[in-house]
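Trainee: I have not met this structure before, and I would like to learn how each label is justified. Could we go through it slowly, with a reason given at every step?

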Amino acid sequence: MTDRNDEGGGVAADIGFDALDPALRYKLLVGVVVPRPIAFVTTLGADGQVNAAPFSFFNVFSEEPPLVVLGLQSKPDNSPKDTTANIRRSGEFVVNLVDEDLAEAMNLCAVDFPPEVSELAEAGLTTAPCTDIAVPRIAEAPVSLECRQEMMIAFGPHRDLLIGQVVRLHARAGIIDPVSYRTNMQAYRPVGRLAGSQYSRQSDVFSMVRENLDEWQARQGARPPARSP
Ligand SMILES: Cc1cc2nc3c(=O)[nH]c(=O)nc-3n(C[C@H](O)[C@H](O)[C@H](O)COP(=O)(O)O)c2cc1C
(Lines give C-alpha, C1' and ligand atoms only; values in the text may rest on other atoms or scores of the structure.)
Protein backbone atom coordinates (compact mmCIF):
# COMPACT_ATOMS: atom_id res chain seq x y z
CA MET A 1 0.00 0.00 0.00
CA THR A 2 1.62 3.26 -1.08
CA ASP A 3 -0.07 6.29 -2.65
CA ARG A 4 -2.47 8.43 -0.65
CA ASN A 5 -5.77 9.09 -2.35
CA ASP A 6 -6.34 12.76 -1.51
CA GLU A 7 -9.91 12.84 -2.76
CA GLY A 8 -11.17 9.94 -0.66
CA GLY A 9 -8.79 10.44 2.26
CA GLY A 10 -7.95 6.71 2.16
CA VAL A 11 -4.93 4.84 0.88
CA ALA A 12 -4.80 3.71 -2.75
CA ALA A 13 -3.71 0.10 -3.21
CA ASP A 14 -0.86 -1.06 -5.46
CA ILE A 15 -0.10 -4.62 -4.43
CA GLY A 16 2.22 -7.05 -6.22
CA PHE A 17 0.99 -10.65 -6.02
CA ASP A 18 4.27 -12.58 -6.45
CA ALA A 19 5.48 -12.21 -2.86
CA LEU A 20 2.03 -11.95 -1.32
CA ASP A 21 0.79 -14.60 1.09
CA PRO A 22 -1.88 -16.77 -0.67
CA ALA A 23 -4.37 -16.06 2.12
CA LEU A 24 -4.08 -12.34 1.39
CA ARG A 25 -4.35 -12.93 -2.37
CA TYR A 26 -7.57 -14.83 -1.66
CA LYS A 27 -8.85 -12.01 0.55
CA LEU A 28 -8.14 -9.41 -2.14
CA LEU A 29 -9.52 -11.40 -5.06
CA VAL A 30 -12.78 -12.44 -3.40
CA GLY A 31 -13.19 -8.86 -2.16
CA VAL A 32 -12.88 -7.21 -5.57
CA VAL A 33 -14.28 -9.80 -7.98
CA VAL A 34 -17.86 -9.36 -6.83
CA PRO A 35 -20.63 -10.34 -6.87
CA ARG A 36 -19.84 -13.91 -7.84
CA PRO A 37 -22.63 -16.28 -8.84
CA ILE A 38 -22.96 -19.39 -6.71
CA ALA A 39 -22.98 -22.89 -8.17
CA PHE A 40 -24.74 -25.13 -5.64
CA VAL A 41 -23.33 -28.36 -7.09
CA THR A 42 -24.94 -31.77 -6.74
CA THR A 43 -22.99 -34.94 -7.48
CA LEU A 44 -23.43 -38.66 -6.82
CA GLY A 45 -21.18 -40.48 -4.35
CA ALA A 46 -19.88 -44.01 -5.06
CA ASP A 47 -22.59 -45.29 -2.65
CA GLY A 48 -25.33 -43.48 -4.59
CA GLN A 49 -25.77 -40.73 -1.98
CA VAL A 50 -26.37 -37.23 -3.35
CA ASN A 51 -23.70 -34.71 -2.34
CA ALA A 52 -24.35 -30.95 -2.38
CA ALA A 53 -21.87 -28.09 -1.92
CA PRO A 54 -21.65 -24.42 -2.98
CA PHE A 55 -18.86 -22.96 -5.14
CA SER A 56 -18.47 -19.27 -5.96
CA PHE A 57 -15.28 -19.64 -7.97
CA PHE A 58 -17.78 -20.21 -10.74
CA ASN A 59 -18.93 -18.69 -13.96
CA VAL A 60 -20.20 -19.36 -17.46
CA PHE A 61 -17.41 -19.40 -20.05
CA SER A 62 -19.04 -19.74 -23.48
CA GLU A 63 -22.16 -20.76 -25.35
CA GLU A 64 -20.65 -22.69 -28.31
CA PRO A 65 -19.73 -25.02 -26.74
CA PRO A 66 -21.84 -24.17 -23.65
CA LEU A 67 -19.23 -24.31 -20.89
CA VAL A 68 -19.15 -23.50 -17.19
CA VAL A 69 -15.98 -23.22 -15.08
CA LEU A 70 -15.48 -23.96 -11.39
CA GLY A 71 -12.50 -23.64 -9.04
CA LEU A 72 -12.30 -26.65 -6.73
CA GLN A 73 -9.90 -26.52 -3.79
CA SER A 74 -8.78 -29.36 -1.53
CA LYS A 75 -10.15 -29.96 1.97
CA PRO A 76 -8.08 -28.57 4.89
CA ASP A 77 -6.46 -32.05 5.24
CA ASN A 78 -5.41 -31.75 1.55
CA SER A 79 -7.71 -34.54 0.34
CA PRO A 80 -10.06 -33.72 -2.59
CA LYS A 81 -13.51 -32.39 -1.72
CA ASP A 82 -16.35 -34.89 -2.18
CA THR A 83 -17.60 -32.85 -5.16
CA THR A 84 -14.21 -33.17 -6.89
CA ALA A 85 -13.91 -36.90 -6.17
CA ASN A 86 -17.47 -37.56 -7.39
CA ILE A 87 -17.02 -35.63 -10.64
CA ARG A 88 -13.66 -37.32 -11.32
CA ARG A 89 -15.36 -40.70 -10.93
CA SER A 90 -18.71 -40.14 -12.67
CA GLY A 91 -18.01 -37.18 -15.00
CA GLU A 92 -21.42 -35.67 -14.18
CA PHE A 93 -22.72 -32.83 -12.01
CA VAL A 94 -25.56 -30.35 -11.68
CA VAL A 95 -25.06 -26.61 -11.14
CA ASN A 96 -28.09 -25.50 -9.13
CA LEU A 97 -28.32 -21.71 -9.02
CA VAL A 98 -29.16 -19.99 -5.74
CA ASP A 99 -32.03 -17.56 -5.10
CA GLU A 100 -32.87 -15.65 -1.92
CA ASP A 101 -35.06 -18.49 -0.59
CA LEU A 102 -32.29 -21.08 -1.09
CA ALA A 103 -29.42 -19.00 0.37
CA GLU A 104 -29.53 -20.26 3.97
CA ALA A 105 -29.81 -23.91 2.96
CA MET A 106 -26.89 -23.42 0.53
CA ASN A 107 -24.77 -22.01 3.37
CA LEU A 108 -25.60 -24.99 5.59
CA CYS A 109 -24.43 -27.38 2.85
CA ALA A 110 -20.91 -25.84 3.05
CA VAL A 111 -20.48 -27.40 6.52
CA ASP A 112 -17.89 -30.18 6.35
CA PHE A 113 -20.30 -32.96 7.37
CA PRO A 114 -18.99 -36.53 7.65
CA PRO A 115 -19.67 -38.58 4.48
CA GLU A 116 -22.60 -40.51 6.04
CA VAL A 117 -24.55 -37.27 6.66
CA SER A 118 -26.74 -36.00 3.80
CA GLU A 119 -26.25 -32.24 3.48
CA LEU A 120 -29.51 -31.94 1.57
CA ALA A 121 -31.53 -33.70 4.28
CA GLU A 122 -29.88 -31.54 6.97
CA ALA A 123 -30.83 -28.43 4.98
CA GLY A 124 -34.41 -29.64 4.44
CA LEU A 125 -33.95 -29.85 0.67
CA THR A 126 -35.23 -32.49 -1.75
CA THR A 127 -34.11 -33.70 -5.17
CA ALA A 128 -35.71 -34.12 -8.57
CA PRO A 129 -34.38 -36.36 -11.36
CA CYS A 130 -32.36 -34.98 -14.24
CA THR A 131 -33.08 -35.97 -17.82
CA ASP A 132 -29.68 -36.57 -19.45
CA ILE A 133 -27.49 -37.44 -16.45
CA ALA A 134 -27.84 -39.73 -13.43
CA VAL A 135 -27.14 -36.98 -10.85
CA PRO A 136 -30.34 -35.46 -9.41
CA ARG A 137 -30.92 -31.70 -9.17
CA ILE A 138 -32.17 -29.74 -6.17
CA ALA A 139 -35.96 -29.51 -6.49
CA GLU A 140 -36.09 -26.18 -4.63
CA ALA A 141 -33.49 -24.51 -6.91
CA PRO A 142 -34.84 -21.80 -9.23
CA VAL A 143 -32.57 -22.96 -12.07
CA SER A 144 -30.45 -26.09 -12.57
CA LEU A 145 -27.90 -26.88 -15.28
CA GLU A 146 -27.22 -30.53 -16.10
CA CYS A 147 -23.48 -30.75 -16.85
CA ARG A 148 -20.93 -33.28 -18.07
CA GLN A 149 -17.26 -32.89 -17.22
CA GLU A 150 -15.30 -31.63 -20.22
CA MET A 151 -11.95 -31.55 -18.45
CA MET A 152 -10.39 -31.10 -15.01
CA ILE A 153 -7.06 -29.26 -14.98
CA ALA A 154 -4.88 -29.49 -11.85
CA PHE A 155 -3.01 -26.34 -10.80
CA GLY A 156 -0.70 -27.82 -8.18
CA PRO A 157 -1.87 -30.52 -5.76
CA HIS A 158 -4.73 -28.56 -4.18
CA ARG A 159 -6.52 -26.64 -6.95
CA ASP A 160 -8.53 -28.00 -9.86
CA LEU A 161 -10.16 -26.03 -12.64
CA LEU A 162 -13.28 -27.92 -13.70
CA ILE A 163 -14.70 -27.22 -17.14
CA GLY A 164 -18.17 -28.63 -17.69
CA GLN A 165 -20.49 -28.74 -20.67
CA VAL A 166 -24.12 -27.76 -20.04
CA VAL A 167 -26.45 -30.32 -21.62
CA ARG A 168 -29.82 -29.16 -20.25
CA LEU A 169 -31.39 -26.29 -18.29
CA HIS A 170 -34.32 -26.55 -15.88
CA ALA A 171 -36.07 -23.45 -14.53
CA ARG A 172 -39.00 -22.95 -12.22
CA ALA A 173 -42.18 -21.62 -13.90
CA GLY A 174 -42.09 -17.86 -14.42
CA ILE A 175 -38.30 -17.46 -14.67
CA ILE A 176 -37.64 -18.09 -18.38
CA ASP A 177 -40.09 -16.71 -20.96
CA PRO A 178 -40.85 -19.68 -23.27
CA VAL A 179 -41.08 -17.46 -26.37
CA SER A 180 -38.33 -14.83 -25.93
CA TYR A 181 -36.08 -17.02 -23.67
CA ARG A 182 -35.53 -13.88 -21.52
CA THR A 183 -34.96 -14.29 -17.77
CA ASN A 184 -37.36 -12.54 -15.39
CA MET A 185 -35.05 -11.25 -12.62
CA GLN A 186 -37.96 -10.39 -10.28
CA ALA A 187 -39.10 -14.01 -10.45
CA TYR A 188 -35.54 -15.39 -10.25
CA ARG A 189 -34.10 -13.29 -7.34
CA PRO A 190 -30.54 -14.73 -7.54
CA VAL A 191 -28.00 -14.00 -4.81
CA GLY A 192 -24.35 -13.16 -5.37
CA ARG A 193 -21.43 -13.81 -3.10
CA LEU A 194 -19.29 -10.93 -1.89
CA ALA A 195 -16.30 -11.27 0.47
CA GLY A 196 -16.40 -13.46 3.58
CA SER A 197 -19.94 -13.90 4.86
CA GLN A 198 -21.44 -11.10 2.73
CA TYR A 199 -23.98 -11.74 -0.03
CA SER A 200 -25.94 -9.46 -2.36
CA ARG A 201 -29.43 -9.33 -3.85
CA GLN A 202 -29.95 -8.12 -7.40
CA SER A 203 -32.78 -5.80 -6.38
CA ASP A 204 -31.24 -2.58 -7.76
CA VAL A 205 -31.04 -3.45 -11.45
CA PHE A 206 -30.52 -0.72 -14.08
CA SER A 207 -30.45 -0.84 -17.90
CA MET A 208 -28.03 0.56 -20.46
CA VAL A 209 -28.74 0.09 -24.15
CA ARG A 210 -25.59 -0.66 -26.18
CA GLU A 211 -25.36 1.65 -29.20
CA ASN A 212 -23.85 0.78 -32.56
CA LEU A 213 -21.41 3.25 -34.16
CA ASP A 214 -24.10 4.92 -36.34
CA GLU A 215 -26.30 5.58 -33.34
CA TRP A 216 -23.40 6.95 -31.35
CA GLN A 217 -22.33 9.25 -34.23
CA ALA A 218 -25.90 10.48 -34.73
CA ARG A 219 -26.06 11.38 -31.06
CA GLN A 220 -22.77 13.32 -31.31
CA GLY A 221 -24.33 15.57 -34.00
CA ALA A 222 -21.82 18.20 -35.13
CA ARG A 223 -19.57 17.70 -32.13
CA PRO A 224 -16.02 16.70 -33.19
CA PRO A 225 -14.88 13.30 -31.84
CA ALA A 226 -12.59 13.34 -28.80
CA ARG A 227 -8.93 12.59 -29.62
CA SER A 228 -6.97 9.86 -27.86
CA PRO A 229 -4.74 11.34 -25.14
C1 LIG B 1 -20.85 -19.34 -0.83
C2 LIG B 1 -19.74 -20.34 -0.79
C3 LIG B 1 -18.87 -20.44 -1.85
C4 LIG B 1 -17.84 -21.39 -1.86
N5 LIG B 1 -17.01 -21.45 -2.93
C6 LIG B 1 -16.06 -22.40 -2.99
C7 LIG B 1 -15.23 -22.50 -4.15
O8 LIG B 1 -15.37 -21.76 -5.12
N9 LIG B 1 -14.28 -23.49 -4.15
C10 LIG B 1 -14.14 -24.36 -3.11
O11 LIG B 1 -13.28 -25.25 -3.20
N12 LIG B 1 -14.90 -24.29 -2.01
C13 LIG B 1 -15.87 -23.33 -1.92
N14 LIG B 1 -16.68 -23.25 -0.82
C15 LIG B 1 -16.50 -24.24 0.25
C16 LIG B 1 -17.23 -25.57 -0.06
O17 LIG B 1 -18.60 -25.37 -0.31
C18 LIG B 1 -17.06 -26.51 1.14
O19 LIG B 1 -15.71 -26.83 1.29
C20 LIG B 1 -17.90 -27.78 1.06
O21 LIG B 1 -17.95 -28.39 2.33
C22 LIG B 1 -17.34 -28.79 0.09
O23 LIG B 1 -18.19 -29.92 0.15
P24 LIG B 1 -17.86 -31.33 -0.50
O25 LIG B 1 -16.67 -31.92 0.24
O26 LIG B 1 -19.13 -32.10 -0.23
O27 LIG B 1 -17.59 -31.13 -1.94
C28 LIG B 1 -17.68 -22.28 -0.76
C29 LIG B 1 -18.54 -22.16 0.33
C30 LIG B 1 -19.57 -21.20 0.33
C31 LIG B 1 -20.50 -21.09 1.50
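Mentor: Let us begin at the ligand, keeping in mind that this is a predicted model: strand 2 gives the largest share of the shell around the ligand, namely four residues. Among the elements that give two or more residues to that shell are also strand 4 and helix 2.

Trainee: Which residues come nearest to the ligand, and how many are around it?

Mentor: There are 17 residues around the ligand, and A53, F57, Q73, K81 and T83 come nearest.

Trainee: How do the residues of the shell divide into nonpolar, polar and charged?

Mentor: Seven of them are nonpolar, six are polar and four are charged.

Trainee: What makes strand 2 an edge strand of its sheet?

Mentor: The open sheet has seven strands in the order 2-1-5-8-9-4-3, and their pairing is antiparallel. Strand 2 (50-55) and strand 3 (58-63) stand at the edges because each has a single partner strand, so one side of each is left without a neighbour in the sheet. Neighbouring strands of this sheet are turned against each other by 35° on average, direction ignored.

Trainee: How do you know that strand 1 and strand 5 pair?

Mentor: Two strands count as paired if there are at least two bridges between them, and strand 1 (residues 39-44) and strand 5 (residues 92-97) are joined by four bridges in the antiparallel sense, so the condition is met. Within this pairing, A39 stands opposite L97 in strand 5. Strand 5 also pairs with strand 8 in the antiparallel sense, over five bridges, and there E92 stands opposite R148 in strand 8.

Trainee: Why is strand 5 called mostly covered?

Mentor: Six of the six residues of strand 5 are buried, and a residue is called buried if 20 or more other C-beta atoms lie within 10 Å of its own. From strand 5, E92, V94 and N96 point one way, while F93, V95 and L97 point the other way, and all are buried.

Trainee: Where does V94 find its contacts?

Mentor: Leaving out residues up to four places away in sequence, V94 touches V41, T42, C130, V135, R137, S144, L145, E146 and C147. V94 is also one of the residues with the most contacts inside the largest nonpolar core, which has 33 residues, and A39, F40, V41, A52 and V95 are listed alongside V94. Strand 1, strand 2, strand 4, strand 5, helix 3 (103-108) and strand 8 each supply at least two residues of this core.

Trainee: Which strands does helix 2 lie across?

Mentor: Helix 2 (residues 82-90) lies across strand 1, strand 2, strand 4 (66-73), strand 5, strand 8 (143-154) and strand 9 (159-171), and runs at about 55° to strand 1.

Trainee: Why is R25, in helix 1 (residues 22-32), called partly exposed rather than buried or exposed?

Mentor: R25 has 13 other C-beta atoms within 10 Å, whereas buried requires 20 or more and exposed requires 12 or fewer, so R25 falls in between and is partly exposed. Not counting residues up to four places away in sequence, R25 touches F17 and L20.

Trainee: What share of the whole protein chain counts as buried?

Mentor: Of its 229 residues, 24% count as buried, and the protein chain has six helices and 11 strands.

How values were computed. Residues numbered from 1 in each chain as written. Predicted model: local features only at pLDDT ≥ 70, side-chain atom pairs only at ≥ 80, totals over all residues. Axes fitted to C-alpha atoms, helices over the stretch in contact; angles between N-to-C directions. Contact = placed C-beta atoms within 7 Å. Core = buried A, V, L, I, M, F, W, Y, C linked by C-beta atoms within 7 Å. Near = placed C-beta within 6 Å. Nonpolar A, V, L, I, M, F, W, Y, C, P; charged D, E, K, R; others polar.
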